[in-house]
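Open the model in your viewer and keep the selection panel at hand. Each stop below says what to select and what is there.

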Amino acid sequence: MLAYLLKRFLSMLITLWLIVSITFFLMHTVPGSPFDREGRAMPATVEKNLMALYSLDKPLLVQYAAYLKSLVQFELGPSIIRHPETVNSMLARTFPVSAKLGFAALFISIIAGVSLGVVAALRHNRLIDYAATVFAVIGIAVPNFVVAPLLIKYFAVEWKLLPAATWGTWQHVVLPALALSFGPTAIIARLTRTSMLEVLTQEYIETAKAKGLHPAVIIVKHALRNSLLPVITLLGALVANVLTGSFVIEKIFAIPGMGKYFVDSIYNRDYTVIMGTTVFYSILLIVMMFVVDVVYSLIDPRIKLHKKEG
Amino acid sequence: MEKLLQVENLHVTFKTHGGEIQAVRGVSFSLDKGETLAIVGESGCGKSVTARSIMRLIPEHTGRIREGRILFEGRDLLALTEKEMRELRGSAISMIFQDAMTSLNPTISIGEQIMEGIIRHQKVSRAAAREQAVEMLHLVGIANPERRLKQYLHEFSGGMRQRIMIAIALVCRPSILIADEPTTALDVTIQAQILELFKTIQRRTGVSIIMITHDMGVVAKMANKVCVMYAGKVVEAGTVRDIFYNPQHPYTKGLLYSMPRLDDDSHEPLYSIPGTPPDLFSPPKGCAFAARCDYALEVCRHHQPEFSCIQSQHQVACWLQDPRAKHVFPLRTATGM
């Protein structure tokens with residue numbers, strides 16, 4: 001087991017290194033620099049000094065080596081644009097906000113998505129199944145910048161139940177979490193439905209019926225567990241995605257989360273922030289993939305994390 | 001004497017996109033205590049559907065039992081509520097499916113899969129259920145039952161899996177065991193072992209067995225009585241001796257003739273019945289086998305043959321049994337011979 005973990009950890013590091021390298025060089029092939037401003041040009045000497053300050057005047061390979069060195073020390077560097085904040089402190093400030101919102105959204109989408117999927121599968125080809133399918137299509141097709149204003153219009157403006165925007169109490173979490181969960185709920189529901197329908201045609205379900213088990217027992221004990229396997233695969237990527245914030249939702253609800261920095265940093269060519277957010281997201285994603293594998297082996301005994309000898 | 005199980009005039013249909021399939025068209029048979037009945041026929045003849053109808057386990061949205069009665073100890077199973085039926089499933093009537101690999105849940109331990117039936121029907125503690133499960137695994141010939149209980153399906157071989165299926169089916173001491181092609185997925189030596197196991201268990205527990213199969217070898221080894229089914233109907237029924245030594249229906253004869261023989265060294269290709277079974281969306285008006293029958297008469301194509309009794313239990317539905325048929329030369333044969 002230890003050998004497996006070690007091997008796995010090593011491969012995670014290699015993956016991360018590959019992502020870091022590719023992003024680093026790709027980022028520097030994008031034309032422009034952090035100091036480009038539309039309209040007015042920066043005096044040449046000022047720009048030169050700034051470039052020197054952030055070591056941007058050195059050859060790319062030297063910069064790359066320096067970045068890797070600081071990365072090993074978990075030092076993501078200073079933000080070029082938002083001087084004097086460092087990328088580390090920026091992540092420490094914004095990630096908890098995005099994560100809180102993300103967890104709330106995930107919670108909603110898992111509960112709602114799985115229930116909807118199961119119900120649709122059990123009522124296959126009946127009204128509720130069609131309703132669930134229609135909802136799923138809408139959920140996937142309608143972007144959340146359409147959903148969010150609608151939620152604000154009704155829940156905040158017309159019925160005055162919840163705050164319209166900003167961040168603070170738990171009431172502030174509800175609307176953005178709902179808006180953010182809309183798409184994932186639809187995807188999970190669809191996946192659960194398909195997978196559940198497939199499991200329900202398996203012969204071991206027939207065997208369970210032949211034992212005289214109650215339908216509810218058959219569904220929960222024999223069908224649901226096996227049909228959640230593909231959903232868990234999806235969740236790995238989804239968790240990393242949702243926890244790191246959504247540019248759109250955070251913008252609409254004026255939430256001080258991470259999502260904004262992903263997008264802003266690219267426009268500004270804020271190299272350290274681009275690298276920092278990418279590295280952070282990658283680590284989260286890689287760790288989640290590992291977690292998915294562990295959960296898989298817990299649910300399905302046929303999957304062993306470490307191969308036994310012989 | 002009252003029969004343990006009596007199926008009378010069973011009709012089952014399935015709704016499909018192409019229309020309604022008449023899968024079972026008036027099947028009747030009976031089963032006594034401790035007896036083994038084999039239902040034989042080729043794929044799609046309705047033998048599995050018949051078996052599943054007894055458990056009331058045909059697909060609920062598409063399948064429908066149109067007509068008939070299934071009397072179990074005098075009670076009509078078709079008149080029971082679903083809840084009453086659940087009480088019987090797995091306790092009074094059990095079923096074994098063809099492929100144990102797909103018929104057992106891969107993510108639940110074998111022990112749990114055996115125990116859940118016991119706990120369900122006998123309302124005993126887990127510890128007591130465990131004890132029974134161990135005993136049952138022992139009975140079906142699995143060594144080390146205590147340790148094996150914790151294992152999962154993929155840790156067992158094909159024969160062992162089928163033994164586990166049998167253990168699950170028998171653990172609540174049912175009076176009827178329905179085995180749907182229980183040995184088809186196994187190789188011949190394992191097949192022989194499993195059939196032997198059925199016999200041992202039947203001697204010990206007195207369970208009645210309905211064996212669904214297309215393998216005449218299995219029939220010869222296991223059955224007391226045989227029903228030969230074709231296109232949703234029983235075409236011939238009798239004791240195993242009647243069927244093997246005195247087959248009357250051309251289809252039964254064809255089935256027997258298409259079995260490979262060890263003592264045959266004629267280098268002739270193995271016989272097979274020409275043609276394919278009829279379309280059950282619109283079954284033929286006359287005898288369903290007429291189109292493939294070497295002895296078909298004109299009457300066969302227009303009128304259903306009635307059952308005629310050859311001997312006490314030996315019945316056959318064929319126009320050739322009609323006294324008038326003896327003077328008619330076969331009109332047109334399927335093979336053109």
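**Stop 1: a strand pair in chain B**

Select strand β7 (residues 176–180) and strand β8 (residues 208–213) of chain B: they run parallel and are joined by 5 bridges. This is a predicted model. Now pick B:Ile178, whose bridge partner in β8(B) is B:Ile210.

**Stop 2: the whole sheet**

Widen the selection to the sheet that holds this pair. In chain B, 8 strands form an open sheet in the order β6-β7-β8-β3-β9-β10-β12-β11. The pairing is mixed. Which strands stand at the edges? They are β6 and β11 (307–309) of chain B. Each has a single partner strand, so one side of each is left without a neighbour in the sheet. From one strand to the next, the twist averages 20°.

**Stop 3: helices on the sheet**

Add α1 (47–55) of chain B. α1(B) lies across β3 (36–40), β6, β7, β8 and β9 (225–230) of chain B. Its direction is at about 150° to β7(B). Next, show helix α7 (residues 158–170) of chain B, which packs on the sheet and touches β6 and β7 of chain B. The direction of α7(B) makes about 170° with that of β6(B).

**Stop 4: the nonpolar cores**

Show side chains for B:Ala167, B:Ile178, B:Ile210 and B:Val228. These four have the most contacts inside the largest nonpolar core, which has 96 residues. Two of the names are familiar: B:Ile178 and B:Ile210 are the bridge partners from the opening stop. Which element gives the largest share of this core? It is α7(B), with 8 residues. Domain 1 (3–223) and domain 2 (253–326) of chain B each supply at least three residues to this core.

Centre on B:Val228. Leaving out residues up to four places away in sequence, B:Val228 touches ten residues you can select together: B:Val40, B:Gly41, B:Val234, B:Val235, B:Glu236, B:Ile243, B:His249, B:Tyr251, B:Thr252 and B:Leu255. Then jump to chain A for a second, separate core of 43 residues. A:Ala105, A:Leu178, A:Phe182 and A:Val231 are included in that core.

**Stop 5: two domains of chain B**

Colour chain B by domain: domain 1 is 3–223 and domain 2 is 253–326. Taken over C-alpha atoms, their centres are 29 Å apart. Domain 1 of chain B brings 11 residues to the contact, and domain 2 of chain B brings 7 residues. Where should you look on the domain 1 side? Strand β2 (residues 19–31) of chain B gives the most there, with 5 residues. By class, the domain 1 side divides into 5 nonpolar, 4 polar and 2 charged residues.

**Stop 6: where the chains meet**

Show both chains. Their contact takes 18 residues from chain A and 23 residues from chain B. On the chain A side, α8 (203–210) and α9 (215–227) each supply at least two residues. α8(A) gives the most to that side, with 6 residues. The chain A side has 5 nonpolar, 6 polar and 7 charged residues.

Zoom in on α8(A). Which of its residues are buried? They are A:Tyr204, A:Glu206, A:Thr207, A:Ala208 and A:Ala210. These buried residues pack against α9 of chain A, and also against α1 (47–55), β6 (93–96) and α3 (100–103) of chain B. Finish just after α8(A), at A:Gly212, which takes a positive phi of about 85°.

Definitions and conventions. Residues numbered from 1 in each chain as written. Chains lettered and ligands numbered in written order. Predicted model: local features only at pLDDT ≥ 70, side-chain atom pairs only at ≥ 80, totals over all residues. Contact = placed C-beta atoms within 7 Å. Helix = DSSP H or I, 4+ residues; strand = E, 2+ residues; numbered from the N terminus. Nonpolar A, V, L, I, M, F, W, Y, C, P; charged D, E, K, R; others polar. Buried ≥ 20, exposed ≤ 12 C-beta atoms within 10 Å, placed from the backbone. Domains from an automatic or database assignment. Pairing = 2+ DSSP bridges. Axes fitted to C-alpha atoms, helices over the stretch in contact; angles between N-to-C directions. Core = buried A, V, L, I, M, F, W, Y, C linked by C-beta atoms within 7 Å.
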